[in-house]
Amino acid sequence: MIWYKFSVFRRYAWGTEGVYQLDVQQYTKPLKNAHDMPHEHLGNRRIEGRTEWASWSFEEILRYFKERTHIDFEPPVMHPENFELKG
């Protein structure tokens, strides 16, 4: 299983509050459980995603997250499997 979860939180003095989340789980077998299907959260509201999201690459999922949130990353986000120590 591969699980991509991208989240945006709003920080307050008392803690944090979830604003947006993109949740995509990818399995070798077809997804049957509705809870495991790709989806988004806007605040407390859950929005069902499209089935094809489960076959997207990391780059496609990240691109969708950036489009939905209007966030640009500097430096760019690296693929999680390309771990590099910086020093």
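Reader: What kind of contact joins the side chains of Glu40 and Tyr64?

Author: A polar contact of 3.4 Å joins these two side chains. Please keep in mind that this is a predicted model. To read such a contact, it helps to ask where its partners sit. Glu40 is in strand S3.

Reader: Is Glu40 buried or exposed?

Author: Here a cut-off helps: a residue is called buried when its relative accessible area is under 20%. Glu40 has 4% relative accessibility, so it counts as buried.

Reader: Which residues does Glu40 touch, leaving out those up to four places away in sequence?

Author: The list is Tyr20, Gln21, Leu22, Arg45, Arg46, Ile47, Trp53, Tyr64 and Arg68. You have met Tyr64 already, as the partner in the polar contact. Arg68 deserves its own look, since its side chain and that of Glu40 meet in a salt bridge, 2.8 Å from N to O.

Reader: Which parts of the chain does the pair of Glu40 and Arg68 tie together?

Author: A useful habit is to ask which element each partner belongs to. Glu40 lies in strand S3 and Arg68 in helix H1, so the pair links parts that are 28 residues apart in sequence. Glu40 is buried, whereas Arg68, at 39% relative accessibility, counts as partly exposed.

Reader: How many salt bridges does the structure hold?

Author: There are four salt bridges. Among them is one between Glu17 and Arg10, whose closest N and O atoms are 3.7 Å apart. Glu17 is partly exposed, with a relative accessible area of 34%, and Arg10 is partly exposed at 42%. Another joins the side chains of Glu52 and Arg50, at 2.7 Å from N to O. Glu52 counts as partly exposed at 39% relative accessibility, and so does Arg50, at 42%.

Reader: Let me go back to the strand. In what sense do S3 and S4 pair?

Author: The general idea first: in a regular strand, side chains alternate between the two faces of the sheet. In this structure, S3 and strand S4 (residues 45–48) pair in the antiparallel sense, over four bridges. Glu40 stands opposite Ile47 in S4, and Ile47 is also one of the residues that Glu40 touches.

Reader: How many residues lie between the strands in the hairpin of S3 and S4?

Author: Two residues lie between them, and Gly43 in this hairpin takes a positive phi near 65°.

Reader: Which residue has a positive phi although it is not a glycine?

Author: Most residues other than glycine have a negative phi, and most peptide bonds are trans. That gives you two backbone exceptions to look for. His70 has a positive phi of about 60° without being a glycine. His70 lies in the segment after H1 and is exposed, with a relative accessible area of 71%.

Reader: And which peptide bond is cis?

Author: The bond from Glu74 to Pro75 is cis, with omega near 0°. Pro75 is placed in the segment after helix H1 (58–69).

Reader: Now for the surface. Which residues form a nonpolar patch?

Author: Met1, Trp3 and Tyr27 form one, with about 350 Å² of accessible area together. Tyr27 lies in the loop between S2 and S3 and is partly exposed, at a relative accessible area of 34%. That loop, between strand S2 (15–26) and strand S3 (39–42), also holds Lys29. Lys29 is exposed, with a relative accessible area of 66%.

Reader: How many Å separate the C-alpha atoms of Lys29 and Met1?

Author: They are separated by 9.3 Å, with the two residues 28 apart along the chain.

Reader: Could we finish with the whole chain? In what order do its elements run?

Author: From the N terminus on, the order is β-β-β-β-α, which amounts to four strands and one helix. The C-alpha trace spans about 40 × 35 × 20 Å along its principal axes. Of the 87 residues, 26% are buried, and Glu40 is one of the buried residues.

Reader: How much area does the chain expose?

Author: The chain exposes about 6800 Å², with carbon and sulfur atoms supplying 53% of it. As for contacts between residues at least 6 apart in sequence, 31% join residues at least 24 apart. The salt bridge of Glu40 and Arg68 gives you a case to look at, with its partners 28 residues apart in sequence.

Key:
Residues are numbered from 1 along each chain as its sequence is written. This is a predicted model: local features need pLDDT of at least 70, side-chain atom pairs count only at pLDDT 80 or more; totals for chains, interfaces and linings use all residues. Side-chain values use heavy atoms; hydrogens and water are left out. Buried means under 20% relative accessible area, exposed over 50%, partly exposed in between (1.4 Å probe, protein chains only). A polar contact is a pair of N or O atoms within 3.5 Å; within protein, one must be able to donate a hydrogen and the other to accept it, and residues adjacent in sequence count only if both atoms are side-chain atoms. Contact means heavy atoms within 4.5 Å. Patches are made of residues with over 30% relative accessible area and no salt bridge: like charges are joined within 9 Å, nonpolar side chains (Val, Leu, Ile, Met, Phe, Trp, Tyr) within 5 Å. Accessible areas come from the Shrake-Rupley method with a 1.4 Å probe; for residues, only the protein chains shown count as cover. Two strands pair if DSSP finds at least two bridges between them.
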